[in-house]
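Please look over the sequence and the structure shown here before reading on. The report that follows begins with one pair of side chains and then widens to the chain as a whole.

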Amino acid sequence: MDGKILARIGAVVFIAVALTVTAIEMSSKDDEADALATRDRSIASQDPLAAELRRCSGIGEAGPRDPGCLKAWADSRRRFLRQRDSATAPAPVAPKTLFPDVPASADRKEGERMDVTAPAMQVEPPRPEAR
């Protein structure tokens, strides 16, 4: 066989394989879209919040003005952040003191700032001078 004929046969085979693979890929993408649509419908039937969020994302700029969307977004945020309702939330805990050894602010003047980087020191009363 001549080299030109062998190159032409190789090109024809390559094109035939490429067309076959393209046809298979195009037909399989339709199946994936149907599977995603079916999965979305089953999730929406189980979770009404997901269906409402999907509706809100579809209405575009009217979403932030829609009270149903605002409620759905708040519920979604609460669910995501695992926040409780204010009625069931525990009482807030008092903050802990970062520097328990620092003396109270009673001995400071108004507007004076305390140096919290220096260690707290015990102040001793002045000793009488010896003569």
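In this predicted model, Asp66 and Arg55 form a salt bridge in which the closest N and O atoms are 2.6 Å apart. The two residues are 11 positions apart, with Asp66 in the loop between H2 and H3 and Arg55 in helix H2, and the pair thereby links distant parts of the chain. Is Asp66 buried or exposed? Its relative accessibility is 19%, and Asp66 therefore counts as buried, since the term applies to residues under 20%. Arg55, by contrast, has a relative accessibility of 36% and counts as partly exposed.

Arg55 has a further partner, for it also forms a salt bridge with Glu52, where the closest N and O atoms are 2.7 Å apart. Both Glu52 and Arg55 belong to helix H2, and because they are three residues apart there, about one helical turn separates them. As a general point, an α-helix has 3.6 residues a turn, so residues three or four places apart point the same way. Glu52 is partly exposed, with a relative accessible area of 24%. Taken together, Glu52, Arg55 and Asp66 are linked in a network of salt bridges.

Another salt bridge joins the side chains of Asp47 and Arg79, at 3.1 Å from N to O. Asp47 lies in the loop between helix H1 (3-46) and helix H2 (48-58), whereas Arg79 lies in helix H3 (residues 67-81), so this pair ties together parts that are 32 residues apart in sequence. The count of salt bridges comes to five, and the table sets out the pairs described here.

| Pair | Closest N to O distance |
|---|---|
| Asp66 and Arg55 | 2.6 Å |
| Glu52 and Arg55 | 2.7 Å |
| Asp47 and Arg79 | 3.1 Å |

Helix H3, to which Arg79 belongs, has 15 residues and reaches 21 Å from its first C-alpha to its last, which is close to the 21 Å expected at 1.5 Å a residue. After H3 comes Arg82, a residue whose phi is positive, near 55°.

Turning to the surface, Ile5, Ile9, Val13, Val17 and Val21 make a nonpolar patch of about 420 Å². Val21, one of these residues, lies in helix H1 and counts as partly exposed at 47% relative accessibility.

For the protein chain as a whole, the secondary structure comes to three helices and zero strands, and from the N terminus on the elements run α-α-α. What share of the 131 residues is buried? Buried residues make up 5% of them. The accessible surface comes to about 12,300 Å², and 60% of it belongs to carbon and sulfur atoms. Among the contacts with a separation of 6 or more, 11% are accounted for by residues 24 or more positions apart.

A last point concerns confidence. The mean pLDDT of the protein chain is 76, and 55% of its residues reach 70 or more. Confidence is lowest in H1, at a mean of 80, and highest in H3, at 91. Where pLDDT is low, the predicted coordinates should not be read in detail.

Notes: Residues numbered from 1 in each chain as written. Heavy atoms only, no water. Salt bridge = Lys/Arg side-chain N within 4 Å of Asp/Glu carboxyl O. Helix = DSSP H or I, 4+ residues; strand = E, 2+ residues; numbered from the N terminus. Buried < 20%, exposed > 50% of the residue type's maximum accessible area, 1.4 Å probe, protein only. Expected span 1.5 Å × (residues − 1). Patch = residues over 30% accessible without salt bridge, like charges linked within 9 Å, V, L, I, M, F, W, Y side chains within 5 Å. Areas by Shrake-Rupley, 256 points an atom, 1.4 Å probe, with all protein chains shown as cover. Contact = heavy atoms within 4.5 Å. pLDDT = per-residue confidence, 0-100.
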